[in-house]
Amino acid sequence: MLGVVNRILLALLGLVLLAAGLSALTGWWPLHGRHEPLLSAVTRRRYWHAEGWWWWAVLAGLGLCVLLALWWLLSQLRRSRLQAVAVDTGDGAFALLRGHALEEALAAEAGALDGVAGCRVALHGRRGSPALRIALELQPHAVPADVLAAVAGPVLTHARASAGLADLPTQARLTVTSHRARRVT
């Protein structure tokens, strides 16, 4: 979602800057020619007085732009991966399981399955209710249904048991490694 918002904002900013640059280069509206002042005497008298709605509209628009820019900046700085998972120890206290350690254990176990060439795991969500995203790179001979069943069965069962979670929602993305076709002679 954030990638889509970034692309849209960058495209809109690019179009606005392109239009402003072309307008300045050609001397087209609102510049009224290359040798004319940017704000004519009539425009200065009309809009640059202390009365009316003009300055309030300008300030509201600029304030909205600043708020949107701050929202965008903060969303860029936010971490998308979960750093730790809260594990119930049974005595009323909680221990923290590092998210990176759980990701590495899951990647190693899923990567050892038959037909899996590579595996990447990302832990998202909140400490009490994490979610997984698994990207599996399959070998050309692998059967996707078998690999998916093996991941959904023992691999996720081990992960839920080790983290003490009743539920671990998982999203799996399967891709096949590129390979050269065998030449038949």
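This is a short exchange about a sheet, a helix and one residue in a predicted model.

Biologist: What makes S3 and S5 the edges of the sheet?

Modeller: The open sheet has three strands in the order S3-S4-S5, with mixed pairing. Strand S3 (116-125) and strand S5 (170-176) each have a single partner strand, so one side of each lacks a neighbour in the sheet. From one strand to the next, the twist averages 15 degrees.

Biologist: How do you know that S4 and S5 pair, and in which sense?
Modeller: Pairing needs at least two bridges. Strand S4 (residues 130-138) and S5 have seven, in the parallel sense. Arg133 has Gln171 in S5 as its bridge partner. For Leu138, the bridge partner in S5 is Val176. The chain goes from S4 through H5 to S5, a right-handed β-α-β crossover.

Biologist: Which helices lie against these strands?
Modeller: Helix H4 (residues 99-111) lies across S3 and S4, and runs at about 150 degrees to S3. Helix H5 (residues 144-163) packs on the sheet and touches S3, S4 and S5. The direction of H5 makes about 145 degrees with that of S4.

Biologist: How do you know that the span of H5 agrees with its number of residues?
Modeller: Take 1.5 Å a residue: the 20 residues of H5 should span 28 Å. The end C-alpha atoms of H5 are 27 Å apart, which agrees.

Biologist: Where is the kink in H5 centred?
Modeller: On Leu156, with a kink of about 35 degrees. After H5 comes Gly164, with a positive phi near 65 degrees.

Biologist: Which residues of H5 are called buried, and what covers them?
Modeller: Buried means under 20% relative accessible area. In H5 the buried residues are Val147, Val151, Val155, Leu156, Ala159 and Ala163. Their cover includes strand S1 (84-88), strand S2 (94-98), H4, S3, S4 and S5.

Biologist: Why is Thr170 called partly exposed?
Modeller: Thr170 lies in strand S5. The partly exposed class runs between the buried limit, under 20%, and the exposed limit, over 50%. Thr170 has 32% relative accessibility, so Thr170 counts as partly exposed.

Biologist: What does Thr170 touch, leaving out residues up to four places away in sequence?
Modeller: Leu132, Ile134 and Leu156. A contact needs heavy atoms within 4.5 Å.

Biologist: How many residues separate Thr170 and Ala131 in sequence, and how far apart are they in space?
Modeller: They are 39 residues apart in sequence. In space, the C-alpha to C-alpha distance between Thr170 and Ala131 is 5.8 Å.

Key. Residues numbered from 1 in each chain as written. Predicted model: local features only at pLDDT ≥ 70, side-chain atom pairs only at ≥ 80, totals over all residues. Heavy atoms only, no water. Helix = DSSP H or I, 4+ residues; strand = E, 2+ residues; numbered from the N terminus. Axes fitted to C-alpha atoms, helices over the stretch in contact; angles between N-to-C directions. Expected span 1.5 Å × (residues − 1). Bend = angle between axes of the 7 residues up to and from the residue. Buried < 20%, exposed > 50% of the residue type's maximum accessible area, 1.4 Å probe, protein only. Right-handed = clockwise from strand over helix to strand, strands pointing away.
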